[in-house]
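I opened this notebook to look up a long helix and the aromatic rings, and I wanted each entry to stay close to what the coordinates give.

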Amino acid sequence: MRGVHVVMAVRNVSAGLAAQEAIAAKIPGARMDVLELDLSSMASVRRFASEFESLNLPLNILINNAGVMTRYCKLSCDGLELHFATNHIGHFLLTNLLLENMKNSCRDSGVEGRIVNLTSSGHFMTYPEGICFDKIHDPSGQSMQSLNDFIAYGQSKLANILHCNELSRILKEEGMNTSANAVHPGVITTNLFRDRTIVSVLLNSIGKIICRSVEQGAATTCYVAMHPQIKGLSGKYFANCNIGSPSSQASDPELAKKLWQFSLQTVSS
């Protein structure tokens with residue numbers, strides 16, 4: 001609706017094309033592309049980045065929106081705990097691969113680049129040390145399986161905020177006109193809980209009363225991505241279209257640096 005050329009990075013291409021068709025029907029002249037991307041696979045992330053670059057488009061806004069919540073601790077095809085692989089590592093690698101394009105776009109246009117990471121208030125529920133690095137490659141030994149599924153999700157959402165914080169610090173040091181902020185969209189009636197039958201049933205039955213719609217949930221994301229009031233703000237945590245207060249772990253600069261180095265090593269191995 002704002003005239004932005006949107007590149008939809010989707011795991012299910014047929015669903016993406018259906019969404020593209022529905023948007024085009026409501027907004028004639030909308031400019032969209034649909035490209036395949038599975039953020040749980042680093043190979044898929046690299047393919048997507050290559051395909052995006054072949055479009056020769058500038059990149060002004062990057063919204064890292066994907067999220068999974070599985071019922072059991074699983075490994076990705078790269079041998080990483082699946083929540084961490086999809087919700088953090090995939091976004092970390094994608095951002096790094098597209099960052100030079102965004103920097104060039106900022107220089108050429110003079111318009112601030114904006115990177116938005118979707119996180120969750122679930123980041124408060126994680127391991128005592130914040131990020132349990134030794135569990136990333138071997139989550140199978142965890143006890144209290146059902147509880148740790150939620151903790152693994154919370155860990156990945158904490159990583160989203162720490163990623164933004166460290167990226168923001170680096171961009172500021174480089175003098176780049178590019179921001180990086182984290183957004184908690186609220187509890188939304190999506191298929192995030194599809195692997196959790198009881199939770200899914202509850203949300204489907206009372207979700208319309210206690211949860212936000214997709215449009216309501218997207219409001220803060222769009223606000224942080226587009227609104228002039230956000231210009232110059234970076235390394236912040238937003239909720240309900242306002243700056244919020246994340247956990248103390250999410251505000252730990254040393255943990256953010258440690259996660260950055262761990263992530264660099266992971267995507268380089």
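My entries on one helix and on the aromatic pairs follow.

Entry 1, the helix. I am working from a predicted model, and I began with helix 3, which covers residues 82-109. I checked its length: at 1.5 Å a residue its 28 residues should span 40 Å, and since the end C-alpha atoms lie 38 Å apart, the two values agree. I then looked for a bend and found one of about 45° at Leu 98. After the helix comes Gly 110, which has a positive phi near 75°. As for its surroundings, helix 3 is mostly covered, with 21 of its 28 residues buried.

Entry 2, the aromatic pairs. How many aromatic pairs are there? I counted 4 aromatic pairs, and one of them is Phe 48 with Phe 52, which is stacked at 6.4 Å centre to centre with 20° between the planes. These two phenylalanines sit 4 residues apart in helix 2 (residues 42-54), so about one helical turn separates Phe 48 from Phe 52. Phe 48 has a relative accessible area of 4% and is therefore buried, and Phe 52, at 5%, is buried as well.

Entry 3, a link across the chain. Phe 92 and Trp 260 form an edge-to-face pair, 5.0 Å centre to centre with 80° between the planes. This pair joins distant parts of the chain, as Phe 92 belongs to helix 3 and Trp 260 to helix 7 (residues 253-268), 168 residues apart. Both Phe 92 and Trp 260 are buried.

Entry 4, a cluster. I also noted that Phe 84, Phe 133 and Phe 262 form one aromatic cluster.

Notes:
Residues are numbered from 1 along each chain as its sequence is written. This is a predicted model: local features need pLDDT of at least 70, side-chain atom pairs count only at pLDDT 80 or more; totals for chains, interfaces and linings use all residues. Side-chain values use heavy atoms; hydrogens and water are left out. The expected span of a helix is 1.5 Å times one less than its number of residues. The bend at a residue is the angle between axes fitted to the seven residues ending there and the seven starting there. Buried means under 20% relative accessible area, exposed over 50%, partly exposed in between (1.4 Å probe, protein chains only). Rings of Phe, Tyr and Trp (its six-membered ring) pair if their centres lie within 6.5 Å; planes under 30 degrees apart count as stacked, over 60 as edge-to-face and the rest as tilted.
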